[in-house]
Amino acid sequence: MDEIQVPPYFICPISLEMMKDPVTMSTGITYDRENIEKWIFSAKNNTCPVTKQSLTSIELTPNVTLRRLIQSWCTLNASHGIERFPTPRPPVSKPQIIKLLQEAKSPKMQMKSLKTLRSIASENAANKRCMESAGAAEFLSSIINTPNEVSEEEGFTSTKDEALSILYQLKLSEHGLRSLIMSGNGEFIESLTHVMQRGSYESRAYAVMLMKDMFEASTPTLVLTLKQEFFIQVVQVLRDEISQKATKASLQVLVHACPFGRNRVKAAEAGAVRVLVDLLLDSSEKRACELMLILLDQICQSAEGRAELLKHAGGLAIVSKKILRVSKVGSERAIKILYSISKFSATPSVVQEMLSLGVVAKLCLILQVDCGSKAKDRAREILKFHAKAWRNSPCIPMNLLSSYPF
């Protein structure tokens, strides 16, 4: 390829490489299918990369003439080491998907049809969007919503597992995710909760990751109606540490749910605080620690959450330890947690524990380093709350004691 000049109209404007499956957009510009699908579906752009025009349609028309020219050119230049690429498979059509969905309604054909759907979805983003527009999400969710007909020993049916994995793999649009949320007056959330309670590790991971996508697309009304069992099962997925993706998804789901007071109590009663403290003790990954501290801050804005944190032997210590060790966001959230404890739950024994654990010394250190004005202001307030008990303590090193606010 270095020795021969490739005709410029064979080159994809996005990758600057020779096209294998050229398709033309509504703007008249031709791109390689894989690259333009990533641009539209994965990066969620709604403009033409070259012209910057808004797209009136996302339909991609195969440029068969150009593809044949490229293939012929490759054949002619085979002596230069250029391989002729095979003719790409045509993208799936909506009627094909509708036919598969109809076949999947037959119990005898269901698993075979689901496996075919999984294969189609895995090929490219265009297939996923075609499946969504053909009603695949509604059909798959109906399988997941169907009451189990198998015994306890058999566990979840493989068709439910398959349907759930495909539904997650589809990466539905916001509209599609909202439709799932609204279907059956919250029935689908209950079905996913049931999956988390009784499904395999893989199914439980898919359930919580799909929930994360749904929560990101939802309105606040969704999280106002969540039941206690939902919190119990999400916390259990968190406790089991099925995978890093499942753990982060569980944290994000709970973060979406816990800005609301009653949900904070439900999360605390589900054992979230103990699990979060245990995870923080072993975790050093930045984003995961940030999410844990954000969630812990939310839950500790309830009396039940603060009580659970103080009940854990390592609660105050790990929160204090994470200050200045995670990120600016992590430090601010950790200090907010200590602020909630200091203001609303500071019994004499708690005040003394904060001193002996080095929490007070850490707060004095905050005043000396560059960590943001919000963190400093809140640390200063905490130190003022209990100045009588802390200011002259020998537990605070002299170099930090000089920072104590008066």
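Biologist: How many bridges join strand S1 to S3, and which way do the two run?

Modeller: Keep in mind that this is a predicted model. S1 covers residues 22–24, and one bridge pair puts valine 23 opposite proline 62 in S3. S1 and S3 run antiparallel, and the number of bridges joining them is 2.

Biologist: And which strands are the edge strands?

Modeller: The sheet is open, with 3 strands in the order S2-S1-S3 and antiparallel pairing. An edge strand here pairs on one side only. That gives S2 (30–32) and S3 (61–62).

Biologist: What angle does helix H1 make with S2?

Modeller: H1 takes in residues 33–42 and lies across S1, S2 and S3. Its angle to S2 is about 95°.

Biologist: Over to helix H17: how many of its residues are buried?

Modeller: H17 spans 315–322 and is mostly covered. Its cover includes helices H14 (272–282), H15 (286–299), H16 (303–311), H18 (328–344), H19 (348–356) and H20 (359–366). Among the buried residues are Leu316, Ile318 and Val319, along with Lys322. The count is 6 of 8.

Biologist: Which residue with a positive phi follows H17?

Modeller: Just look at what comes after the helix: a residue whose phi is near 70°. That residue is leucine 324.

Biologist: Is glutamine 298 buried or exposed?

Modeller: Glutamine 298 sits in helix H15. Leaving out residues up to four places away in sequence, glutamine 298 touches Leu254, Val255, Cys258, Pro259 and Arg264. Its relative accessible area is 9%, and the cut-off is under 20%, so glutamine 298 counts as buried.

Definitions and conventions. Residues numbered from 1 in each chain as written. Predicted model: local features only at pLDDT ≥ 70, side-chain atom pairs only at ≥ 80, totals over all residues. Heavy atoms only, no water. Pairing = 2+ DSSP bridges. Helix = DSSP H or I, 4+ residues; strand = E, 2+ residues; numbered from the N terminus. Contact = heavy atoms within 4.5 Å. Axes fitted to C-alpha atoms, helices over the stretch in contact; angles between N-to-C directions. Buried < 20%, exposed > 50% of the residue type's maximum accessible area, 1.4 Å probe, protein only.
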